[in-house]
Amino acid sequence: MEILTERDDSIRKIVLSGRLDTESSQELCPRVCNLMTDQPMLISLKKCNYISSAGVRALLVIAREAKEKGIKLRFSDAQPMVYDVLDMIGFLPLIEYRDTAAEAEAELL
């Protein structure tokens, strides 16, 4: 998995690329949590082509950490297979998911 970060004046954007599985989720959580500041965050799943149960847990850990720190966080743009997994387990409302980055950004500003 590749974790691409971009920061503009108002939102920190993170794009997850590749497989979010057991191995990559162990890297993802600390790396994203270390990027948390008082700035809102958007995590795009548009390049994430696979998610395991460990990957789902990683997203939940990140969402909880952001909530504890009072950081506004949205997830967006999941590919159909990843979206279906998250939807099937009832996970989308728990992580503040939006269909598009534009939708998520509008809420974060």
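Q: A salt bridge is a side-chain nitrogen of Lys or Arg within 4 Å of a carboxyl oxygen of Asp or Glu; which residues here are linked in a network of them?
A: The network of salt bridges links Arg-74, Glu-96, Arg-98 and Glu-107. This is a predicted model, in which local features need pLDDT of at least 70 and side-chain atom pairs count only at pLDDT 80 or more, while totals for chains, interfaces and linings use all residues. Residues are numbered from 1 along each chain as its sequence is written, and side-chain values use heavy atoms, with hydrogens and water left out.

Q: How do you know that Glu-96 and Arg-74 form a salt bridge?
A: Their side chains come to 3.7 Å, N to O, and the limit is 4 Å, so the pair qualifies. The two residues belong to distant parts of the chain, 22 residues apart: Glu-96 is in the loop between helix H3 (80-88) and strand E5 (97-98), and Arg-74 is in strand E4 (residues 73-76). Helices (H or I, at least four residues) and strands (E, at least two) are DSSP runs, numbered from the N terminus.

Q: What makes Glu-96 and Arg-98 a salt bridge too?
A: The closest N and O atoms of Glu-96 and Arg-98 are 3.0 Å apart, so this pair also meets the rule. In total the structure holds 8 salt bridges.

Q: Why is Arg-74 called buried or exposed?
A: Arg-74 has 13% relative accessibility and therefore counts as buried; the cut-offs are under 20% relative accessible area for buried, over 50% for exposed, and partly exposed in between (1.4 Å probe, protein chains only). Arg-98 is buried as well, because its value is 18%. Glu-96, at 33%, is classed as partly exposed.

Q: What is unusual about the phi of Glu-96?
A: The phi of Glu-96 is positive, about 55°, although the residue is not a glycine. As background, most residues other than glycine have a negative phi. Asp-77 is another such case, with a positive phi of about 60°, and it sits in the loop between E4 and H3.

Q: How do you know that Asp-99 touches Asp-77?
A: Contact means heavy atoms within 4.5 Å, and once neighbours within four places in sequence are set aside, Asp-99 is in contact with Asp-77 and Tyr-83. Asp-99 itself lies in the loop between E5 and H4, and its relative accessible area of 47% makes it partly exposed. The C-alpha atoms of Asp-99 and Phe-75 are 8.5 Å apart, with their positions 24 residues apart along the chain.

Q: What makes E4 and E5 partners in the sheet?
A: Two strands pair if DSSP finds at least two bridges between them; E4 and E5 run parallel and are joined by 2 bridges, so they qualify. Phe-75 has Tyr-97 of E5 as its bridge partner.

Q: Why do E1 and E5 count as edge strands?
A: The open sheet has 5 strands in the order E1-E2-E3-E4-E5, with mixed pairing. Strand E1 (2-7) and E5 each have a single partner strand, so one side of each lacks a neighbour in the sheet. Helix H4 (residues 101-108) packs on this sheet and touches strand E2 (12-20), E3, E4 and E5; the directions of H4 and E4 make about 170°.

Q: Why are H1 and H2 described as parallel or antiparallel?
A: The axes of H1 and helix H2 (residues 53-69) come within 8 Å and cross at roughly 10°. Axes are lines fitted to C-alpha atoms, for helices over the stretch in contact, and angles run from 0 to 180 degrees between N-to-C directions. Angles under 35 degrees count as roughly parallel, over 145 as roughly antiparallel, 65 to 115 as roughly perpendicular and the rest as oblique, so H1 and H2 are roughly parallel. Among the residues making the contact are Leu-28 and Val-32 of H1 and Leu-59 and Ile-62 of H2.

Q: How do you know that Lys-69 and Glu-65 form a salt bridge?
A: Their closest N and O atoms are 3.4 Å apart, which is within the limit. Both residues lie in helix H2, 4 residues apart, about one turn of the helix. Lys-69, at 43%, counts as partly exposed, and Glu-65, at 23%, is partly exposed too.

Q: Why is Gln-39 called buried or exposed?
A: Gln-39 has 7% relative accessibility and so counts as buried. Gln-39 is in the loop between helix H1 (22-35) and strand E3 (41-51). Not counting residues up to four places away in sequence, Gln-39 touches several residues, including Arg-7, Ile-11 and Ile-71.
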